[in-house]
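Student: Please take a close look at the cysteines in this structure, and set them against the chain as a whole.

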Amino acid sequence: MAKQDTKDVEDQKPKKKRSLTRRVFMLGSMAVAGGVAFGAYHYKKPLKNPLHDSDDEITLNPYLFITAAGVKVIAPRAEMGQGVHTTLAAMVAEELDVAWDDVEVIHGPASSTYYNEEVLKLGLPFAEYSQSAVKNVVSGATDVASKILGQQITGGSTTTRDGFMKMRQAGAAARLAIMEAAAYEFDVPASELKTSNGEVIAPNGSRLKYQDLALDASAIKVEQNPPLKDPSQWRYLGKAMPRKDMVGKVTGTAEFGIDVKQDDMLFATVRINPKLGGKMLSFDGSKAAAMKGVEKIVDLWDGIGVIADNTWTAFQAAEAVEIEWGDAPYPSDNDGIYAEIEKAFDAKPNSVLRNDGTIDEALAAAPDVIEASYRVPYLAHTPMEPMNATALLKDGELDVWVGNQAPTVIQEHVAKAVGLSIENVRVHTPYLGGGFGRKPEYDSAVQAAKLAKAMPGRAIKMTWTREEDVRHDFYRPASLARMKGLVSEDGPSALKLDIAAPSVYRSQAKRVLGIAPPGPDKLLVEGAFDQPYGIPNFQVNGYLSEVDVPVGSWRSVGNSYNSFFLESFLDELAAAKRLDPLAMRLKLMQDVDKSSFDTLRAVGDIAGWGAPTGAGRGRGDGFGRGVAFCYSFGSPTAQIIDVSQTEDGVKIDKVWCAIDVGTAFDPSIIEAQVTSAILYGLSAAIYGDITFEDGEVVEGNFDEYDALRIGNAPPVEVKILQSTGHIGGVGEPGVPPSMPALANAVYDLLGKRERVLPLGKSVDFVTV
């Protein structure tokens, strides 16, 4: 620890010993919050500590309380099953030096202090594997913008990247303050003290618990850049830790949004125009209002809300309301929507983020150009927990309980919806029963707030039906691709990829910020332009479509469809010259990015690529194998999928995956997340399809929008690499390669190239 000025330390010494349980001070937490403003940000304005002391909890900075039982860590990102509560807590506990069993984790309050400085970088038009001075300068500029915007968002596989320094520095700073307080008590220099599992140990062996020092420690200002442990000293990070959310979830005591209970609570649901974006022209709620248990019918402009004494009655009453709907602002059916997206190709591209060589000259001079068109559909998120929110408006203040990925965004929009200032709105974040990109949106929270305004003083718990959920999503956009390529026995020499889709980036920015940023849309072409393939003539063009179907972030965003386009077409090129598809990819990336090369080679090794896979197993013998790769969210990821023909259909036998995460903080969580992402991607590849008729979404429940079940989910083997030198994402990178790897395996099995998803419409897969 760097020494402070002696006089400063002297001034800060506590005048007498105080107990944690005595509510005698509010001094210091704000100052300490400023002290832990984390100098890495280089911004002068200190961050406000949104936490407040209580009788038995003392906050030393915005990320933790010292409590009578140990330490309570504030996880500023949503726990939606991805394990962040465990990993972020481990970062704090590692530096604070407390026993793992003494650590509790909570979501904490909505606050701009917990802004995510990594999420804006996802929109920068650079390949993540490449480094340049320009990229570094622009990335640095987003740090400033992120702090100004102050958006607390969970998304883009950014949690550990964003939290790595913040959470560790919070733990280290708190430990330093506690040691300074202990130095006074022991009357020895802090440098002679040690800590162990929540105790400070003096040279003579005397010990003081953190709880006995917290009150005094909170008044001590420590340096902004506390020294951190060398990774060789880590005892929590890098290991599989018992998950902090595990006990509550297996015992049923964990509180999800749908579990929230309040005194004297009423229940509600909504019925919004199924023609998405259309108005409600009129409604007659007289029949519903006469139903026993119905309290009120509320006009929500684009639909109605029904408040009742139980959720089932609210569901029934909502269906009983007679409503005349306005039209949707987009073509009424699938054919019309895809035709509208295809029109985007007639305009100039929004982006040309990859333009190596002279693609037009190369293609014009060749007589054997390979061409193909691809298409993917709209997809819903379908988290297991349907959209819900509970709200209470009382005495000019609003409380909202909602499982969400963006509490500050929700705070801002619900405040506006009911005419309150942000300071009078509290957002409580329980566990999320899945998010996948659906729950940064604020629509359900705003609806609950409006219903609460209609019944002030009573908490309103609003729950959507599953059908309302599937039919009112912010969907992964449908997308079209046109491909042209040249290949010889030496591999591809030219590749041109044109991609057309509605813009997720602009749609979300307009909803959240009220503006649609200009310039090239990186998300539209990510997973294609930014892949480490050294093809001499390589061009990727993005075309923005203006179709007004609501779209949003679906797990892995643009990578989810562009990887299917690119990796499937590369497989086509390999097949055209009978090249080994894995060896061809290795050759293309060997001089571009070593970590990608090693990742792809690693998956080949664990899957035994090229080796005999069993007597009689090979194409034509009822067996197929496909490979795909995608570099996304900072993590090169490669997969191999085996399929076989059975009497019940095509069966996915096994998936192998290699991923380079740079630093593996918890291998068990990484393996679980990668497996989850692969099954999520394969479910979409086989079943996922949101379709439209008469302007409305056809699919409404899991019988129409299916997913892999336990009976047909394949085993997954994951190999974790740590060589990139930076922290890679984990939650999303497993999705993109899964879809092309399956399609390529199906081609190997059946000799039939599938260029349209979902595959289940043209291939008979095993079902359960």
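Tutor: The cysteines come first, then the chain around them.

This is a predicted model, in which local features need pLDDT of at least 70, side-chain atom pairs count only at pLDDT 80 or more, and totals for chains, interfaces and linings use all residues. Residues are numbered from 1 along each chain as its sequence is written, and side-chain values use heavy atoms, with hydrogens and water left out.

Searching the whole structure gives zero disulfides, a disulfide being a pair of cysteine sulfur atoms within 2.5 Å. C630 is in no disulfide, and its nearest cysteine sulfur, in C657, is 11 Å away. Seen from C657, the closest cysteine sulfur is that of C630, and 11 Å is too far for a bond. C630 is buried, at a relative accessible area of 0%; buried means under 20% relative accessible area, with a 1.4 Å probe and protein chains only. C657 also counts as buried, with 0% relative accessibility.

Across the protein chain, buried residues make up 61% of the 768 residues. Of the contacts (heavy atoms within 4.5 Å) with a separation of 6 or more, 78% are between residues 24 or more positions apart. The radius of gyration, taken over C-alpha atoms, is 28 Å, which agrees with the value near 27 Å for a compact globule with 768 residues; that globule rule is 2.2 Å times the number of residues to the power 0.38. Along the principal axes, the C-alpha atoms fill a box of roughly 85 × 70 × 50 Å.

Notes: Buried means under 20% relative accessible area, exposed over 50%, partly exposed in between (1.4 Å probe, protein chains only).
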